[in-house]
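Here is a report on one protein chain. It moves from the overall fold to the details of packing.

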Amino acid sequence: YWGLNAWGMAYLAGAMGVELSYVQSCLVMALLVVGIMLPALSVARRSAREMTSNTQMRGIHQACVTYAQTAKGKFPPDIFTLYQGNYFTADYVVSPSGAHVPDDFAQWPEAQQREWFRENASYVLIPGLTDDLDSQKIAVFAKPADSPQGPDKIGVTFNDGHTETMLTEDAAVMLKQQTGKTMDQLILESEQAPPAPAPGSAPGN
């Protein structure tokens with residue numbers, strides 16, 4: 001009871017040999033409340049960022065499924081293809097902990113936009129997937145560097161559309177088993193320009 005108000009705080013302080021005025025007791029109470037609330041607010045903000053990021057990954061996967069309906073069941077080669085098709089805006093590929101999309105991005109030349117996507121997209125789309133709705137197959141994952149949970153945990157969307165937050169090392173093991181590549185390799189490939197087509201070859205072949 002004595003710790004629930006300023007007079008009680010002053011009483012407790014006096015009992016411990018510390019003299020506090022009423023105003024000083026109020027300040028101490030305020031500092032205690034702030035000390036209690038700040039960690040809770042930090043957790044709430046982190047949870048909100050995590051929810052936003054996971055929602056964006058589910059949206060990217062849903063866009064892939066929609067894309068596949070007119071692509072013989074195949075997912076797009078990269079996330080930029082979905083942006084080009086107006087499935088979502090550029091800020092959808094950046095997590096709350098990621099980069100800021102330039103205000104004039106929509107006016108940039110396509111080559112410059114594509115380069116920005118490779119450098120700044122917070123999510124990696126696993127190449128070569130189809131709409132098989134496999135609940136054990138990872139379709140999209142967040143880059144650890146942009147993960148709202150910190151680099152030790154990332155969001156992962158599976159090919160049936162459900163999203164989980166996993167330990168990064170566990171997700172890396174699943175990706176290695178699924179693709180034969182490390183997580184770092186998949187991230188690096190997503191950030192590299194695709195190889196130029198062979199001379200005389202038709203686009204898409």
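The text below covers the fold, the sheet, the core, the aromatic pairs and one loop residue.

## Overall fold

This is a predicted model. The protein chain has 6 helices and 4 strands. Along the sequence they follow the pattern α-α-α-α-β-β-β-β-α-α. The chain counts 205 residues, and 36% of them are buried. Contacts between residues at least 6 apart in sequence include many long-range ones: 50% join residues at least 24 apart.

## The sheet

The 4 strands form an open sheet in the order 1-2-3-4, with antiparallel pairing. Strand 1 (123–125) and strand 4 (163–167) stand at the edges. Each has a single partner strand, so one side of each lacks a neighbour in the sheet. From one strand to the next, the twist averages 25 degrees.

Strand 1 and strand 2 pair over 3 bridges in the antiparallel sense. Strand 2 (residues 138–142) also pairs with strand 3 (residues 153–158), again antiparallel and over 3 bridges. In general, strands of a sheet pair through backbone hydrogen bonds. The table lists residue partners across these strands.

| Residue | Partner | Strand of the partner |
|---|---|---|
| Tyr123 | Ala142 | strand 2 |
| Ile138 | Phe158 | strand 3 |
| Val140 | Thr157 | strand 3 |

How many residues of strand 2 are buried? The count is 5 of 5, so strand 2 is mostly covered.

Helix 5 (residues 168–179) packs on the sheet. Helix 5 touches strand 2, strand 3 and strand 4. Its direction makes about 110 degrees with that of strand 4.

## Helix 6 and its cover

Helix 6 has these buried residues: Met183, Leu186 and Ile187. Seen down the helix axis, they fall within an arc of 100 degrees, so they line one face of helix 6. What covers them includes strand 1, strand 2, strand 3 and helix 5.

## The nonpolar core

The largest nonpolar core has 40 residues. Which members touch the most other members? They are Ile79, Phe88, Phe105, Phe117, Phe141 and Val156. Several elements give two or more residues to this core: helix 2 (22–68), helix 3, helix 4, strand 1, strand 2, strand 3, helix 5 and helix 6 (183–191). Helix 2 gives the most, with 6 residues.

Phe117 deserves a separate entry. Beyond its neighbours within four places in sequence, Phe117 is in contact with Ile79, Phe80, Tyr83, Ala90, Val93 and Phe105. Phe117 is buried, with a relative accessible area of 4%.

## Aromatic pairs

A pair of aromatic rings is described by the distance of the centres and the angle of the planes. With a limit of 6.5 Å between ring centres, the count comes to 10 aromatic pairs. Phe80 and Tyr83 form a tilted pair, 5.7 Å centre to centre, with 40 degrees between the planes. Why are these two residues about one helical turn apart? Phe80 and Tyr83 are 3 residues apart in helix 3 (residues 79–84), so about one helical turn separates them. Both Phe80 and Tyr83 are buried.

Phe80 also pairs with Phe117. That pair is edge-to-face, at 5.1 Å centre to centre and 75 degrees between the planes. The Phe80 and Phe117 pair links distant parts of the chain: Phe80 lies in helix 3 and Phe117 in helix 4 (residues 110–120), 37 residues apart. Phe80 has a relative accessible area of 3%, under the 20% limit, so Phe80 counts as buried.

Ring pairs extend this into a cluster of Phe80, Tyr83, Phe105, Trp108, Trp116 and Phe117. Two cluster members, Phe105 and Phe117, are also named among the core residues that touch the most other members.

## A loop residue

Thr130 sits in the loop between strand 1 and strand 2. Buried or partly exposed? At 33% relative accessibility, Thr130 counts as partly exposed. Leaving aside neighbours within four places in sequence, Thr130 is in contact with Gly73, Lys74, Phe75 and Asn159. Thr130 and Asn159 are 29 residues apart in sequence, and their C-alpha atoms are 8.6 Å apart in space.

Conventions:
Residues numbered from 1 in each chain as written. Predicted model: local features only at pLDDT ≥ 70, side-chain atom pairs only at ≥ 80, totals over all residues. Heavy atoms only, no water. Phe/Tyr/Trp six-rings, centres within 6.5 Å; stacked < 30°, edge-to-face > 60°. Buried < 20%, exposed > 50% of the residue type's maximum accessible area, 1.4 Å probe, protein only. Pairing = 2+ DSSP bridges. Axes fitted to C-alpha atoms, helices over the stretch in contact; angles between N-to-C directions. Contact = heavy atoms within 4.5 Å. Core = buried A, V, L, I, M, F, W, Y, C linked by side-chain atoms within 4.5 Å. Arc of directions from axis to C-beta.
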